Amino acid sequence: MSDAVNLFGNVTASENAKENGDFLGYTINTGVYELMGDTFYFDKSKGGSLFLRAELVHMDNPDRSYTENFYITNKEGSVTTSTNRLLPGAQIVKDMAELYLGVPMEITDFGDGQRMMEIFKIAQKQVMAYDPEAKEQVPMEKSVATALCGIQMKLAIMKTLEDGYPDPTSTRENNQVDKVLDFETGRTVTEVRANEETGVWVTTHWKGADTSFVLDRRSESKGNDAKTLRKTSSAGSAISRIKKNRGGDAPTTGMSARERIEQAKRQAQEQGEEATNA
């Protein structure tokens with residue numbers, strides 16, 4: 001991993017910063033989705049904010065993708081807000097490391113480039129990324145978090161209404177991950193640490209059970225809630241046979257997430273046919 005570029009040199013992470021717990025305020029989602037990580041890479045915005053680019057596919061429909069940038073720092077390089085809490089994107093990345101890689105990160109780890117490279121097995125690899133000059137996806141070398149590629153994830157995703165761009169008077173719909181959940185039990189990080197057996201928070205307190213709920217973040221709405229319909233999805237039984245990669249080396253097969261899901265489906269079908277003919 002010596003060839004990986006250290007993007008974390010200017011990150012400031014206070015050991016006194018507070019994590020974001022299972023709050024009931026704006027932790028409002030429109031569905032829990034099972035996805036598989038395809039490509040993850042760390043990068044910086046033009047303004048200097050560090051983010052993790054996540055590209056995943058829906059496990060019940062590999063042709064359907066989900067992408068999001070999880071901003072780990074602000075443009076000054078801090079992982080915390082003005083109230084000394086982790087930025088939402090930093091919390092997501094930290095929870096992914098704990099739930100899916102088995103690594104309970106310290107907040108100060110964000111400022112330790114070598115530690116981040118070890119946790120996420122960062123390596124310089126060529127991926128398809130958007131080029132603003134070419135205005136299309138082109139092959140580019142990025143700092144890929146190989147440890148997250150190929151892992152099954154259960155994510156609570158929120159649907160939002162936001163000001164349009166470049167016309168702020170228009171409205172655009174968007175999605176954002178609000179909570180990372182244990183894949184098998186649906187537990188939050190807090191519940192896992194407390195040794196809870198099931199994900200009680202997501203079933204009893206989480207407003208995302210109302211799948212029509214939308215968070216209105218438009219300037220004119222000032223954070224009021226909106227209502228709209230949204231269809232949720234769940235993975236098929238064949239997908240449950242995919243073996244999870246928890247904290248091990250990144251998949252070496254060279255297959256994409258879509259190909260791994262399709263392979264699992266074929267294997268499940270073949271096993272069913274063998275059982276029928278036995």
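This note goes through the fold, three salt bridges and one pocket of a predicted model.

1. **Overall make-up.** The protein chain has five helices and nine strands. Read along the sequence, the order is β-β-β-α-α-β-β-β-β-α-α-β-β-α. The chain thus opens with three strands in a row and ends on a helix.

2. **Burial and surface.** The protein chain has 278 residues, and 48% of them count as buried. Its accessible surface comes to about 14,400 Å². Carbon and sulfur atoms hold 45% of that surface.

3. **Contacts along the chain.** Take the contacts in the protein chain with a separation of 6 or more. Of these, 59% are between residues 24 or more positions apart.

4. **Salt bridges in general.** Side chains of opposite charge can pair when their charged atoms come close. The count for this model is nine salt bridges. Three of the pairs are taken up below, with the accessibility of each partner.

5. **Asp 109 and Arg 115.** These two side chains form a salt bridge, with N to O at 3.6 Å. How accessible is Asp 109, buried or exposed? Asp 109 has a relative accessible area of 10%, so it is buried. The cut-off for buried is under 20%. Arg 115 is at 28% and counts as partly exposed.

6. **Glu 173 and Lys 159.** This salt bridge has an N to O distance of 3.3 Å. Glu 173 sits in strand β7 (residues 171-181) and Lys 159 in strand β6 (residues 152-163). The partners are 14 residues apart in sequence, so the pair ties together separate parts of the chain. Their accessibilities contrast. Glu 173 is exposed, at 52% relative accessible area. Lys 159 is buried, at 12%.

7. **Glu 162 and Arg 172.** Which strands does this pair link? Glu 162 is in strand β6 and Arg 172 in strand β7, ten residues apart. The closest N and O atoms of the salt bridge are 3.0 Å apart. Glu 162 is buried, with a relative accessible area of 11%. Arg 172 is partly exposed, with a value of 38%. Salt bridges with shared partners join Glu 162, Arg 172 and Arg 217 into one network.

8. **Around Glu 162.** Which residues does Glu 162 touch, leaving aside neighbours within four places in sequence? The contacts are Ser 170, Thr 171, Arg 172, Asn 174, Arg 217 and Arg 218. Arg 172 and Arg 217 thus appear both in this list and in the salt-bridge network. Leu 215 gives a further reference point: Glu 162 and Leu 215 are 53 residues apart in sequence. In space their C-alpha atoms are 8.8 Å apart.

9. **The second largest pocket.** Rolling a probe the size of a water molecule over the atoms shows where empty space is left. The second largest pocket has a volume of about 370 Å³. Its lining has 15 residues. Nearest the centre are Asp 43, Lys 44, Phe 51, Tyr 130 and Pro 132. Which elements give two or more residues to this lining? They are β1 (31-44), β2 (50-58), β3 (61-71), β4 (122-131) and β5 (136-145).

10. **Chemistry of that lining.** The lining residues of the second largest pocket divide into six nonpolar, three polar and six charged. Asp 43 and Lys 44, among the residues nearest the centre, are of the charged class. Phe 51, Tyr 130 and Pro 132, also nearest the centre, count as nonpolar.

How values were computed:
Residues are numbered from 1 along each chain as its sequence is written. This is a predicted model: local features need pLDDT of at least 70, side-chain atom pairs count only at pLDDT 80 or more; totals for chains, interfaces and linings use all residues. Side-chain values use heavy atoms; hydrogens and water are left out. On a 1 Å grid over the protein atoms alone, a cavity is a set of points where a 1.4 Å probe fits but cannot get out, and a pocket is an open set with protein on both sides within 12 Å along at least five of seven lines; lining residues have an atom within 4 Å of a point. Grid points are joined across faces, edges and corners, and a volume is the space filled by probe spheres set on the points. Helices (H or I, at least four residues) and strands (E, at least two) are DSSP runs, numbered from the N terminus. A salt bridge is a side-chain nitrogen of Lys or Arg within 4 Å of a carboxyl oxygen of Asp or Glu. Buried means under 20% relative accessible area, exposed over 50%, partly exposed in between (1.4 Å probe, protein chains only). Contact means heavy atoms within 4.5 Å. Accessible areas come from the Shrake-Rupley method with a 1.4 Å probe; for residues, only the protein chains shown count as cover.
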